[in-house]
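Thank you all for making the time this morning. Please have a look at the sequence and the structure on the screen, and I will then walk you through them.

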Amino acid sequence: SPAAITILGDIFVDLLVSSPDLPSWGTDLVVEAPIKVMAGGGALNTATHLAATFNVSTSLWSALGGKGDAWSSVVRNHVAKCGFRLRGRLDCASTGVCVVISAPGADR
């Protein structure tokens with residue numbers, strides 16, 4: 001029978017912000033580069049890689065905001081494009097969001 005993999009874990013929407021510096025407390029910082037919005041989370045990244053690299057049926061069990069949650073559409077579109085199954089609690093109040101701030105030439 002064909003191979004199948006099931007992954008249980010996290011899903012987030014990553015907001016990637018590139019800035020040469022962090023703002024001081026109580027101040028604002030102009031960010032010149034566009035902010036990128038990407039589907040993320042360790043389990044989602046693993047499912048994406050497995051579905052793209054190996055010829056295996058891949059399912060991801062996780063929690064995700066319902067269809068009225070704007071962030072969940074980012075994840076749902078990603079999953080549809082990558083071709084793996086999304087299962088679990090798919091009607092939560094909201095999808096987790098992670099703000100990733102990185103500086104040019106530095107780790108996030």
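Let me begin close to the start of the chain: in which strand is the place of A4? A4 sits in strand 1, and I should say at once that what we are looking at is a predicted model. With a relative accessible area of 60%, A4 counts as exposed, because the cut-off for that word is over 50%. If you look for V79, which is 75 residues away from A4 along the chain, you will find that their C-alpha atoms are separated by 17 Å.

Now the chain as a whole. Its secondary structure comes to two helices and six strands, and, read from the N terminus, the elements follow the order β-β-β-α-β-α-β-β. The radius of gyration is 16 Å, well over the 13 Å that the globule rule gives for 108 residues, so the chain is more spread out than a compact globule. Taken along the principal axes, the box that the C-alpha atoms fill is roughly 55 × 30 × 20 Å.

Of the 108 residues in the chain, 30% are buried. The accessible surface amounts to about 7100 Å², and carbon and sulfur atoms account for 57% of that surface. As for how the chain meets itself, if we take the contacts between residues at least 6 apart in sequence, 76% of them join residues that are at least 24 apart.

Let us turn to helix 1, which covers residues 42–53. How far apart should the ends of a helix with 12 residues be, at 1.5 Å a residue? The expected span is 16 Å, and the end C-alpha atoms of helix 1 are indeed 16 Å apart, so the two values agree. The buried residues of this helix are A43, L44, A47, T48 and L50, and among the elements that cover them are strand 1 (4–8), strand 3 (36–40), strand 4 (57–65) and helix 2 (70–82).

One residue that lets us see helix 1 and helix 2 together is H78, which has its place in helix 2. Is H78 buried or exposed? Its relative accessible area is 18%, and because buried means under 20%, H78 is buried. Once residues up to four places away in sequence are set aside, H78 touches A39, L44 and T48, and of these, L44 and T48 are among the buried residues of helix 1 that I listed a moment ago.

Helix 2 also holds W71, which is partly exposed, with a relative accessible area of 32%. Apart from neighbours within four places in sequence, W71 is in contact with V13, L15, V37, T95 and V97. To take T95 from that list, it is 24 residues from W71 along the chain, while the C-alpha atoms of the two are separated by 5.9 Å.

W71 leads us to the surface, where, together with L22, V37, V97, V99 and I101, it makes a nonpolar patch of about 500 Å². Which strand gives the largest share of this patch? That is strand 6, residues 97–102, with three residues. L22, another member of the patch, lies in the loop between strand 2 (12–18) and strand 3, and L22 is exposed, with a relative accessible area of 54%.

Strand 3 is also where K36 is found, and K36 is exposed, with a relative accessible area of 52%. Leaving out neighbours within four places in sequence, K36 is in contact with D14, L15 and L16. Between K36 and L15 there are 5.7 Å from C-alpha to C-alpha, although the two are 21 residues apart in sequence.

I will finish with charge. Side chains of opposite charge can pair when their charged atoms come close. How many salt bridges does a search of the whole structure find? The search finds one, and in it the side chains of D91 and R89 meet, with 2.9 Å from N to O. Both partners are exposed: D91 has a relative accessible area of 52%, and R89 has one of 51%.

Those were the places I wanted to show you, and I am glad to go back to any of them.

Note on methods
Residues numbered from 1 in each chain as written. Predicted model: local features only at pLDDT ≥ 70, side-chain atom pairs only at ≥ 80, totals over all residues. Heavy atoms only, no water. Helix = DSSP H or I, 4+ residues; strand = E, 2+ residues; numbered from the N terminus. Expected span 1.5 Å × (residues − 1). Buried < 20%, exposed > 50% of the residue type's maximum accessible area, 1.4 Å probe, protein only. Contact = heavy atoms within 4.5 Å. Patch = residues over 30% accessible without salt bridge, like charges linked within 9 Å, V, L, I, M, F, W, Y side chains within 5 Å. Areas by Shrake-Rupley, 256 points an atom, 1.4 Å probe, with all protein chains shown as cover. Salt bridge = Lys/Arg side-chain N within 4 Å of Asp/Glu carboxyl O. Rg over C-alpha atoms; globule rule 2.2 N^0.38 Å.
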